[in-house]
Amino acid sequence: MTTRTAARLLPLLLVAATACTAAGRTPITPPAPTPTPVDDASPEAAFAAAADSLFGDSLFAGANWGVEVKSLQTGRVLYQRNAAKMFVPASNMKLVTASAALETLGPGWRYRTVVAASGPVANGVLNGDLVVVGSGDPTIAADFHGGDPLAVFRAWADSLRAHGVTRVAGRIVGDDDVFDDQALGRGWAWDDTDAYYSAEIGGLQYNLGVVGISVAPGAAPGSAGRVTLVPATSYTKLENRTRTVSGAPVAEVEGTRQPQGTGIVVTGDVPRDTASVLTEVAVRNNTAYFVTVLRETLLAAGIRVDGAAVDQDDLGAADRPARRDPLFVQSSPPLSEILPGFLKPSQNQIGELLLKTMGRAFRGQGTAAAGIAVVDSVHRAWGLPRRELAQADGSGLSRYNLVAPELLIALLEHMRGSRNYAAFYAALPVAGIDGTLAGRMKNTPLQGNVHAKTGTVTNVRSLSGYMTTAAGEPMVFSMIVNHHTVSSRDADRVAEAALLRLYALPRGQ
């Protein structure tokens, strides 16, 4: 008999005893109940209590936490807090995009960029235009070629020579029509558009839509800094407003785009004892940027180009090259090698390109809306919770995105059982080791253990992924806070403290 049951029966037994006395019989004295302790001291209950205390921190009194923690071994949910509610996920949306792309396109998927001739090649001369037909390949970029943004284009110069081309009598024409012309994600902030993380996306994507700016101190205090572009290109005109200073503790350099055109203004102070400062700025019109730098690279490699570099969209129908004889094809690394470049550094443009790629491959339309329709179909096939995802983009930069932690848990569980799990898991940031988690959880039991995706936009912080407890039990977790007004470090402190508590749990039965 439990304590609670005994408490309910005690009044009835006393009534019975009173009735016996009234009838002249000796009353029956009930035995003292033996209490059965409630298992409030179990490790799981202690973890839940600690988690409640952490996520209820007064610093977050005006914020909302959505949390779920689940054992992958037993399937039991160890903790929930608003897990079925919808939250702005920030870059945790990349888990949605990456998992769907991996499961639909497959780990071996490669982008193919076709380099074609619009006329015959004779005596070393391409008598026509050199046409580049894009597929949305994000890897024609410094990030995927050891920091060299010109590596692919130099290789193309070698390939043209191998095909007998040492002069292009026509133009360099870029065809980006594999995707629509919507260059930004839905709901992206207008005041972020100069930033590298908000760069434009398109069917011809060069250097992930950004140009690097290197600023070195000038000869003397008060003089302008020495500004160079990486890659060096005529596509962007620089206005240098930097200043060399003495004694400044850090360099503060910023590049912003001119209101119109492709010009960039560089401002800020550069300490005299600084070697150089590197920043990045998003460019306008990826396709024009792509073909301009390609033309300049070919010229530098000794291949003459008589015509200009042009975006096909800027040409009239009669002026577009109709003939396209493929000379060679640039194949990207497989998707399994692209995903680490997407998830570990939380690279936004790859998310948008993958979303449109899925739309093109499975709906015949290179649009974000078509890609979102593919994701929706995939989630229904996986049996994920309904009405717990509202997707606006592929990267999580949009505040129109909404997702429930419960859905992310189900997604991570699905991927754990997928034949593509190894590729997915390997692409995630690792605590204290790499990606956006490189500087977090160092010198704790979580270092090298937590494999998870971070997320940050203003007033939002998220962390969802996998870890293993000290007892060897695999866990999956999702922690998202919205509307916080404290620093991201404060949010990280709470999430990481909860993970340390989770790590200490004994193995479940």
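In this predicted model, the residues that line the largest cavity fall into 5 nonpolar, 1 polar and 3 charged. Those residues are Trp65, Arg440, Arg461, Ser462, Leu463, Met479, Ala491, Asp492 and Ala495. With the list in hand, the classes can be assigned: Ser462 is the polar residue, and the charged ones are Arg440, Arg461 and Asp492. Two elements, strand β21 (460-468) and helix α11 (488-503), each contribute at least two residues to this lining. The space inside the largest cavity comes to about 50 Å³.

How is such a space found? Rolling a probe the size of a water molecule over the atoms shows where empty space is left. When the whole structure is searched, 2 cavities of 30 Å³ or more turn up.

The second largest cavity has a volume of about 30 Å³. Around it stand Thr236, Arg257, Gly261, Thr262, Gly263, Ile264, Ala282, Val283 and Arg284. By class, this lining holds 3 nonpolar, 4 polar and 2 charged residues. The charged residues here are Arg257 and Arg284. Glycine counts as polar in this scheme, so Gly261 and Gly263 belong to the polar group along with Thr236 and Thr262.

Next comes a sheet. Three strands form an open sheet in the order β11-β13-β12, and the pairing is mixed. Its edge strands, β11 (238-245) and β12 (252-257), each pair on one side only. From one strand to the next, the twist averages 5°. Strand β13 (residues 264-271) runs parallel to β11, and the two are paired over 8 bridges. Within this pairing, asparagine 240 lies opposite valine 266 of β13. Two residues of the sheet also line the second largest cavity: Arg257 is in β12, and Ile264 is in β13.

The last feature is a pocket, which is an open space rather than a closed one. The largest pocket has a volume of about 650 Å³. Its lining is made up of 30 residues, and those nearest the centre are Tyr196, Tyr197, Ser346, Asn348 and Leu397. The elements giving two or more residues to this lining are helix α7 (348-363) and strand β20 (451-457). Which of the elements gives the most to the lining of the largest pocket? That is β20, with 5 residues. Asn348, one of the residues nearest the centre, falls within α7. Sorted by class, the pocket lining contains 10 nonpolar, 13 polar and 7 charged residues.

Technical notes. Residues are numbered from 1 along each chain as its sequence is written. This is a predicted model: local features need pLDDT of at least 70, side-chain atom pairs count only at pLDDT 80 or more; totals for chains, interfaces and linings use all residues. Side-chain values use heavy atoms; hydrogens and water are left out. On a 1 Å grid over the protein atoms alone, a cavity is a set of points where a 1.4 Å probe fits but cannot get out, and a pocket is an open set with protein on both sides within 12 Å along at least five of seven lines; lining residues have an atom within 4 Å of a point. Grid points are joined across faces, edges and corners, and a volume is the space filled by probe spheres set on the points. Helices (H or I, at least four residues) and strands (E, at least two) are DSSP runs, numbered from the N terminus. Two strands pair if DSSP finds at least two bridges between them. Axes are lines fitted to C-alpha atoms, for helices over the stretch in contact, and angles run from 0 to 180 degrees between N-to-C directions.
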